[in-house]
Amino acid sequence: MRSPESNLQSIPTDAFSNLSRRIAESEQSTPGLGLAFHSHRVSALVAHLASVIGHEASAARFSRAAYFHDLGKLAVPTGILMSPDVLTSDERAIVETHSESGADILASSSAPDGALAADIARWHHTRFDGSGYPKGRVGSEIPLAARITAVADVYDALRSRRSYKPEETNDSALARMRTIQRAGSGFVFDPQILEALFDTNRNVSLLWDAAALCAISGSDTNSPRGRPHRRLRP
Ligand SMILES: [Fe+2]
């Protein structure tokens with residue numbers, strides 16, 4: 001059996017279609033991983049949020065590129081990604097490599113928006129106040145598409161059941177995001193983007209439900225048929 005690392009290195013980087021196919025295949029090879037379904041829902045939410053904050057012209061590009069934000073998780077052992085236990089510091093450090101490893105693959109892609117997708121993958125866990133990972137950028141220095149993806153990513157993680165936590169309702173997820181926003185010394189999320197989520201939360205919830213159904217039915221070309229993920233770590 002090939003290791004996850006060799007699987008990631010073998011991905012042809014000439015087009016997004018090859019990369020999305022590998023994400024979709026992960027749902028078949030590792031039932032319950034949920035990477036494709038998570039990617040699909042986040043991608044849908046990114047398009048919505050980009051439009052709400054006035055970037056309609058870029059919404060489709062941001063959405064398509066955001067689908068690959070967790071590409072690097074294909075190189076993380078599934079035993080860690082799907083662990084029901086609290087991760088050790090070493091395991092968390094391995095998970096955190098996914099932003100850089102995915103970005104490196106995307107940056108070498110010949111796809112027209114490879115650089116955009118690489119920016120999203122690299123910076124979607126960097127918080128607005130500069131904490132999170134990787135370090136080095138703060139506030140508007142973080143690419144806009146990555147700041148949008150960060151909001152969509154955490155919302156989806158909260159709405160989804162994990163082996164270590166239950167799924168949450170729309171209202172509960174929003175309340176938690178408001179708490180998270182105030183938890184650090186500065187803002188965790190771009191305030192404008194978080195407000196866009198709150199202001200349109202009913203549409204967001206409907207969109208999230210619809211995206212989940214699309215993934216289940218296989219009507220999205222990026223998503224395989226099967227059950228939605230329930231155990232992916234954010
Ligand atoms: Fe991630």
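Start with a pair on one helix: Arg22 and Glu25 join their side chains in a salt bridge, 3.4 Å from N to O. This is a predicted model, and its protein has twelve helices and zero strands. Buried residues account for 53% of the 234 residues. An iron ion sits among four donor residues, Asp70, His98, His124 and His125.

**Salt bridges**

- Arg22 and Glu25 are both part of helix H2, three residues apart, or about one turn of the helix.
- In an α-helix there are 3.6 residues to a turn, so residues three or four places apart point the same way.
- Arg22 counts as partly exposed because its relative accessibility is 22%, and Glu25 is also partly exposed, at 38%.
- Over on helix H4, Arg61 pairs up with Asp113, and their closest N and O atoms are 2.9 Å apart. Arg61 belongs to H4 while Asp113 is in the loop between H7 and H8, so this salt bridge ties together parts that are 52 residues apart in sequence.
- The two partners differ in burial: Arg61 is partly exposed at 34% relative accessibility, whereas Asp113 counts as buried at 11%.
- Glu168 and Arg176 make another salt bridge, with 3.1 Å from N to O. Here Glu168 is buried, with a relative accessible area of 14%, and Arg176 is partly exposed at 40%.
- Glu100, Asp104 and Arg122 go beyond a simple pair and are linked in a network of salt bridges.
- The full count comes to ten salt bridges.

**The iron site**

- The iron ion is held by Asp70 through OD and by His98, His124 and His125 through NE2, at 2.1 to 2.3 Å.
- Along the chain, these donors follow the spacing D-x27-H-x25-H-H.
- The site is irregular, with angles among the four donor atoms running from 84 to 176°.
- His124 and His125 are both buried.

**Asp153, a buried acid**

- Asp153 belongs to helix H9, which covers residues 144-159.
- Although Asp153 is buried, no salt bridge is found for it, and Lys73, the nearest side chain of opposite charge, is 6.4 Å away.
- Setting aside neighbours within four places in sequence, Asp153 has contacts with His38, Val42, His69, His124 and His125. Two of those contacts, His124 and His125, are iron ligands.

**Helix H8 and its surroundings**

- Helix H8 (residues 114-123) is largely enclosed by the rest of the structure, because eight of its ten residues are buried.
- The buried set in H8 is Gly114, Leu116, Ala117, Ala118, Ile120, Ala121, Arg122 and Trp123. Arg122 is also part of the salt-bridge network with Glu100 and Asp104.
- Helices H2 (16-29), H4 (56-66), H7 (98-107) and H9 are what the buried residues of H8 pack against.
- Pro134 lies in the loop between H8 and H9, and the peptide bond leading into it from Tyr133 is cis, with omega near -10°.

**Core and overall fold**

- The largest nonpolar core contains 54 residues, and Leu106, Ile148, Tyr155 and Leu197 have the most contacts inside it.
- Beyond residues up to four places away in sequence, Ile148 touches Val46, Leu49, Ala50, Ile53, Phe62 and Ile193.
- From one end of the sequence to the other, the pattern reads α-α-α-α-α-α-α-α-α-α-α-α.
- If you take contacts between residues at least 6 apart in sequence, 66% of them join residues at least 24 apart.

**One more residue on H2**

- Arg21 is located in helix H2, and its relative accessible area of 45% makes it partly exposed.
- Between Arg21 and Ala36 there are 9.4 Å in space, C-alpha to C-alpha, and the two are 15 residues apart in sequence.

Methods: Residues are numbered from 1 along each chain as its sequence is written. This is a predicted model: local features need pLDDT of at least 70, side-chain atom pairs count only at pLDDT 80 or more; totals for chains, interfaces and linings use all residues. Side-chain values use heavy atoms; hydrogens and water are left out. Helices (H or I, at least four residues) and strands (E, at least two) are DSSP runs, numbered from the N terminus. Buried means under 20% relative accessible area, exposed over 50%, partly exposed in between (1.4 Å probe, protein chains only). Lys and Arg count as positive and Asp and Glu as negative; His and the chain ends are not counted. A salt bridge is a side-chain nitrogen of Lys or Arg within 4 Å of a carboxyl oxygen of Asp or Glu. Contact means heavy atoms within 4.5 Å. Donors are N, O and S atoms within 2.8 Å of the metal (3.2 Å for Na, K and Ca); water is not among the atoms, so sites may look incomplete. Four donors count as tetrahedral if all angles lie between 85 and 135 degrees; four count as square planar and six as octahedral if opposite donors are over 155 degrees apart and all others between 65 and 115; anything else is irregular. A nonpolar core is a set of buried Ala, Val, Leu, Ile, Met, Phe, Trp, Tyr and Cys residues joined through side-chain atoms within 4.5 Å.
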